[in-house]
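Q: Could you take a close look at the cysteines in this model and what surrounds them? I'd like to know how the disulfide question comes out, and then follow the trail into the neighbouring parts.

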Amino acid sequence: MKTYSKLLTILLLTAGTGSCGNDLTENVYSSVTEQSYNYGEKDFAPIVASVYPPLRNVCDHWGYFCAQEVTADAIVMPPNASGWDDGGVYRRMHYQTWTSEQDHVNNMWSWFYRGALIANNVIEQIESGTVPAPSSAEKERGLAEVRAMRAWYYWMICDNYGDAPLVTSRTGDLPAKTPRQEIYNFIVAELNEVIPALSDEQGGSMYGRMSRWAAKALLANIYLNAGVYAGQARWEECIAQCDDIINSGRCALSPDFRDPFRATGVENSKEVLFTVPFDKNLAGGNSLHMFSWHGELKNKFQTEATPWGSGCAMGVSQFIDTYEVGDSRLEDSWLLGEQLAADGSPLFGVYDQKGEPLVLVKDLPSASFTKETEGYRMNKFEVEPGSTSGSTTDVPLFRYAQVLMMKAECLLRLGRPGAGDLVTQVRQRAFRDDPSKAAVTDEQLQANSSYSYGYVENYAVVDPGDRSPVQFGRMYDELGWEFAWEMYRRRDAIRFGVYTTKSWLSHRPQGDYRAVFPIPEQVITSNPNLEQNPNYGRNQ
């Protein structure tokens, strides 16, 4: 127990815990400990469920959301007259000049490892019989579910940090780094082993849990990015996992694009394969509206909480310009134009545009400072009237639309036909007024991206930077239109060769090493067995 506490402390160490000193002795403040508590079968389900709460950090603008969206080319969080500078932390993410002491770097590391180490603990409790299962079948299924969730957390570690400690038990010395390829191999092996034992139920009692289809979507994602993680493409393997999901008949696109993002009624969705459940009272964490919306939008959406200042998270103009005319996903994903109160009365600015109509405009001068009405805001996730700072709306991590798009991308990269038909299926919901516009061909998907890359000053591109064609760039655009706000963009940008090569808004390339984040400085300092990721120094 003491060794596990030490591992936990070292791996999770961040600025928030760094002042605790060097005494790692465990202090027990209750007479009931893990060793003295008599677990029963009734504890089995709650123990399995304990691996999921760390997922509620997914929308954190001080962590995962910002790292996946703001470091890429679709969303930015610039300061404005209401504040939103916070020492320049969001601008550094946009510039890709974060350091090993950046809160985002620390916070992601902390919750990824918290999830992985909780899973280790649960696995050992179940395997040892400390927590008895109601039946052998439930034990097998529960272990498979926890191991699949541990694989998800290690996917996040592999994806964001590259080489990192791979810890699979509660005991051991302070860990050294495991090569990224070995972490990838571990994840793939784990998922292939446990998938047959997972529940094949879609939604219902498996909503928000790691079902067979969620685990296959996870494995497909890992194969999709295998070239990044392990240096060898696995397009065929990705297609195989996608085909299993497609051919199961359990999953389907929702009739309406916005259905997976509604506040209620998503529990039996055939499109949502894996999601993070939120509740404004019982399971907070979805505060996307609070850090994107202008405070006056409280009067439009009738929320209980007032969004923070004039909001911050908004669309990069160059990305917004890529949308096709008639694509309903623009307004389904982005709040734009004149904003009215719920009763139809006009809303007005209260900061640098005080008294002027609250009209959200597309163009941004830079990422250094914006007016309070500049930038399209989040409109993808429904926010119910009466919402507090935590919305009740769940945030899907895997959707059936992504399964179709993953297969389409792999077909393109293999030079095989069929990608256009799959992407057309996904697009049909977005072009109901003119169905002919939904159709896209394999050849079109191979074209360059329509994104006008370049460094922006005073609303205009002043330095185009690298304008070389993006291979399969139209496919990259399609991913952006379908999955805006869903925290895929960084990973997609890396895979398509955009993330560390192109310029956009106030971002210029900072080096290929920025494709992974540094290990938090205090973790490095506390564990002599760890080395920093290449090219990162103390202030880099």
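A: Searching the whole structure turns up zero disulfides. Keep in mind that this is a predicted model.

Let's start with cysteine 66. The closest cysteine sulfur belongs to cysteine 312, and at 8.4 Å from the sulfur of cysteine 66 it is too far for a bond, since a disulfide needs the two sulfurs within 2.5 Å. Cysteine 251 is in no disulfide either: the nearest cysteine sulfur, in cysteine 242, is 11 Å away. Both cysteines are tucked away from the surface, with cysteine 66 buried at 0% relative accessibility and cysteine 251 buried at 7%.

So what sits around cysteine 66? One way in is histidine 61, which has Cys66 among its contacts. Histidine 61 is in the loop between helix H2 (44–49) and helix H3 (64–70). Although it is a loop residue, histidine 61 counts as buried because its relative accessible area is 9%, under the 20% limit. Setting aside residues up to four places away in sequence, histidine 61 also touches Met77, Trp84, Tyr90, His104, Phe291 and Trp308.

Now the other trail, from cysteine 242. Cys242 is one of the H10 residues that make the contact with helix H15. H10 covers residues 235–248 and H15 covers residues 400–414; their axes come within 9 Å and cross at roughly 145 degrees. The crossing is left-handed. On the H10 side, the contact also takes in Trp235, Glu236, Cys238, Ile239, Asp243, Ile245 and Ile246. H15 contributes Tyr400, Val403, Leu404, Met406, Lys407, Cys410, Leu411, Arg413 and Leu414. There are cysteines on both sides here, with Cys238 and Cys242 from H10 and Cys410 from H15, yet the search of the whole structure still gives zero disulfides.

Arginine 413, one of those H15 contact residues, has another partner to look at: its charged end sits over the ring of phenylalanine 496, 4.7 Å from the ring centre. You'll find another arginine over a ring elsewhere, where arginine 508 lies over the face of tyrosine 455 at 3.6 Å from the ring centre.

Stay with H15 for a moment, as it leads on to glutamate 482. Glutamate 482 is in helix H18 (residues 473–483), and its contacts include Ala401 and Met405, which fall within the 400–414 span of H15. Beyond its neighbours within four places in sequence, glutamate 482 also contacts Phe257, Arg329, Lys380, Arg399, Val426 and Arg429. Here is an acidic residue that is buried, with a relative accessible area of 0%, and its contact list includes Arg329, Lys380, Arg399 and Arg429.

Arg399, from that list, takes us to strand S8 (residues 395–399), which also holds phenylalanine 398. Phenylalanine 398 pairs with phenylalanine 274, one of 34 aromatic pairs in the structure. The rings are tilted, with 6.0 Å from centre to centre and 35 degrees between the planes. This pair links distant parts of the chain: phenylalanine 274 is in strand S2 (residues 272–276), 124 residues from phenylalanine 398. Both partners are buried, phenylalanine 274 at 0% relative accessible area and phenylalanine 398 at 2%.

Tyrosine 113 is another buried aromatic residue, again at 0%. It is found in helix H5 (residues 103–128), and its C-alpha is 7.1 Å from that of tyrosine 153, 40 residues away along the chain. His104, which histidine 61 touches, falls within the span of H5 too, and that brings us back to the surroundings of cysteine 66.

For contrast, here are a couple of spots closer to solvent. Glutamine 302 is partly exposed at 48% relative accessibility, in the loop between helix H12 (298–301) and strand S3 (314–315). Its phi is positive, about 55 degrees, although it is not a glycine. Asparagine 458 also has a positive phi, near 50 degrees; this residue is in the loop between strand S9 (454–457) and strand S10 (460–463), and at 61% relative accessibility it is exposed. Those two are worth noting because most residues other than glycine have a negative phi.

Definitions and conventions:
Residues numbered from 1 in each chain as written. Predicted model: local features only at pLDDT ≥ 70, side-chain atom pairs only at ≥ 80, totals over all residues. Heavy atoms only, no water. Buried < 20%, exposed > 50% of the residue type's maximum accessible area, 1.4 Å probe, protein only. Helix = DSSP H or I, 4+ residues; strand = E, 2+ residues; numbered from the N terminus. Contact = heavy atoms within 4.5 Å. Phe/Tyr/Trp six-rings, centres within 6.5 Å; stacked < 30°, edge-to-face > 60°. Lys NZ or Arg CZ within 6 Å of the ring centre and 35° of its normal. Axes fitted to C-alpha atoms, helices over the stretch in contact; angles between N-to-C directions. Left-handed = near helix turned anticlockwise from the far one by under 90°.
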